[in-house]
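Thanks for making the time this morning. I would like to walk you through one structure, going from the overall fold to the core, the ligand site and a few single residues.

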Amino acid sequence: MDVIEFFNNTCDHEDDWTANGWSSWETQQGMFSVLSHILAGNSGSVLDVGCGTGCYYRFLQQRLGQKFPLWKYTGIDINPKMVERARRENEDIDVSLRDVMDHDGPPHDYVIGAGTFNVRIDGDQTLYLQQRMEKMFSLAKRGVALSLLSRDLCSEEHQQETRDQLFFYDAPSVLLACLHYITPNVKLDHTSLPSQFIVYLHKDG
Ligand SMILES: C[S@@+](CC[C@H](N)C(=O)[O-])C[C@H]1O[C@@H](n2cnc3c(N)ncnc32)[C@H](O)[C@@H]1O
């Protein structure tokens, strides 16, 4: 499946969570909350890989309140419609139309990806994910947090219904790919959310 085409089809939905491929507002916000466990300290910079329509930007604004100006947010997305809508709906947001594999420049403290690599691609999905996680890790000064659909947490029915479009990752294989190719400082949270797990990669152990 082509990733841009997949999100061209969701992006016109009025609801922000549906536009970004989530089943509900609660699921999306719960995911943001769990991913944000990695953010430490009172200030820093965040790169949101696959920022979609900019919902995580608004989440951070609300979550951080008066401390928000101490954080620098940057969003990137490969989908032109998503980037256009993110700019339209979020005054002053810093977003660019870019594939993470082409993103360079100074590193960010934290690199976040909420549901970014769950669309099934043609080819080796584990290698595709590993290369993108490696790139995210190279762009981070402190850590990476990424959510993935779990083969073991999603119902068989849901996996069957969406199998042509979505990929459900095998958590142990993802953990091994991180350990072998990226860093031993990896934590996998398979407990916090109904159908997904989170990979946290830390630079400093
Ligand atoms: C499931 S949506 C999530 C959007 C947003 N993170 C949220 O949770 O509301 C995934 C987004 O990742 C983007 N994306 C997929 N692969 C990407 C890549 N290689 N580089 C940048 N963005 C990517 C898609 O275009 C899509 O907008």
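**Overall fold and burial**

Of the 205 residues in the protein, 35% are buried. Please keep in mind throughout that what you see on the screen is a predicted model.

In terms of secondary structure, the protein comes to 8 helices and 7 strands. Its radius of gyration is 16 Å, close to the 17 Å that the globule rule gives for 205 residues, so the protein is as compact as a globular protein of that length. If you draw a box along the principal axes, the C-alpha atoms fill roughly 45 × 40 × 30 Å. When we take the contacts with a separation of 6 or more, 69% of them are between residues 24 or more positions apart.

Let me turn to the interior. In soluble globular proteins, nonpolar side chains tend to be buried together. Here the largest nonpolar core has 48 residues, and those with the most contacts inside it are Leu35, Val111, Ile112, Met136, Val144, Leu146 and Leu148. Which strand gives the largest share of this core? That is strand β5, residues 140-149, from which 6 residues come.

Leu148 is a good place to look at the packing in detail. Setting aside residues up to four places away in sequence, Leu148 touches Phe117, Asn118, Tyr169, Val174, Gln196, Phe197 and Val199.

Leu35, which I named among the core residues with the most contacts, also appears in the list of buried residues of helix α3, residues 25-35, together with Gln28, Met31 and Val34. These four cover an arc of only 130 degrees around the axis, which puts them on the same side of α3. What covers them includes two helices, α2 (16-19) and α4, as well as the strands β4 (108-113), β5, β6 (186-189) and β7 (196-202).

Strand β4 also holds Gly113, and this glycine is buried, because 25 other C-beta atoms lie within 10 Å. Beyond its neighbours up to four places away in sequence, Gly113 touches Val49, Gly50, Met136, Leu146 and Ser147, and you will recognise Met136 and Leu146 from the core residues with the most contacts. From Gly113 to Met133 is 20 residues in sequence, and the two are 9.6 Å apart in space, C-alpha to C-alpha.

Gly50 brings us to the ligand, because that glycine is also one of the closest residues in the shell. How many residues surround the ligand? There are 21, and the closest are Asn20, Gly50, Gly52, Ala114 and Gly115. Three elements, α1 (3-10), α4 (55-64) and β2 (71-77), each supply at least two residues of this shell. By residue type, the shell divides into 11 nonpolar, 8 polar and 2 charged residues.

Now to the loop between α5 (80-89) and β3 (95-97), where Ile93 is found. Is Ile93 buried or exposed? Ile93 has 20 C-beta neighbours inside 10 Å, and therefore counts as buried, although I would add that 20 is the cut-off for that class. Leaving aside neighbours within four places in sequence, Ile93 is in contact with Gly54, Tyr57, Gly75, Ala86 and Arg87.

Asp92 lies in that loop between α5 and β3 as well, but Asp92 is exposed, with 7 other C-beta atoms within 10 Å. Its backbone deserves a second look: most residues other than glycine have a negative phi, whereas Asp92, although not a glycine, has a positive phi of about 70 degrees.

I will finish with two residues that fall between the buried and exposed classes. Tyr128, in helix α6, residues 125-138, counts as partly exposed because it has 15 C-beta neighbours inside 10 Å. Apart from neighbours within four places in sequence, Tyr128 is in contact with Ile121 and Gly123.

His202 lies in strand β7 and likewise counts as partly exposed, with 17 C-beta neighbours inside 10 Å. Not counting residues up to four places away in sequence, His202 touches Gly143 and Asn185. His202 and Leu175 are 27 residues apart along the chain, and their C-alpha atoms are separated by 13 Å.

Key:
Residues numbered from 1 in each chain as written. Predicted model: local features only at pLDDT ≥ 70, side-chain atom pairs only at ≥ 80, totals over all residues. Core = buried A, V, L, I, M, F, W, Y, C linked by C-beta atoms within 7 Å. Buried ≥ 20, exposed ≤ 12 C-beta atoms within 10 Å, placed from the backbone. Contact = placed C-beta atoms within 7 Å. Near = placed C-beta within 6 Å. Nonpolar A, V, L, I, M, F, W, Y, C, P; charged D, E, K, R; others polar. Arc of directions from axis to C-beta. Rg over C-alpha atoms; globule rule 2.2 N^0.38 Å.
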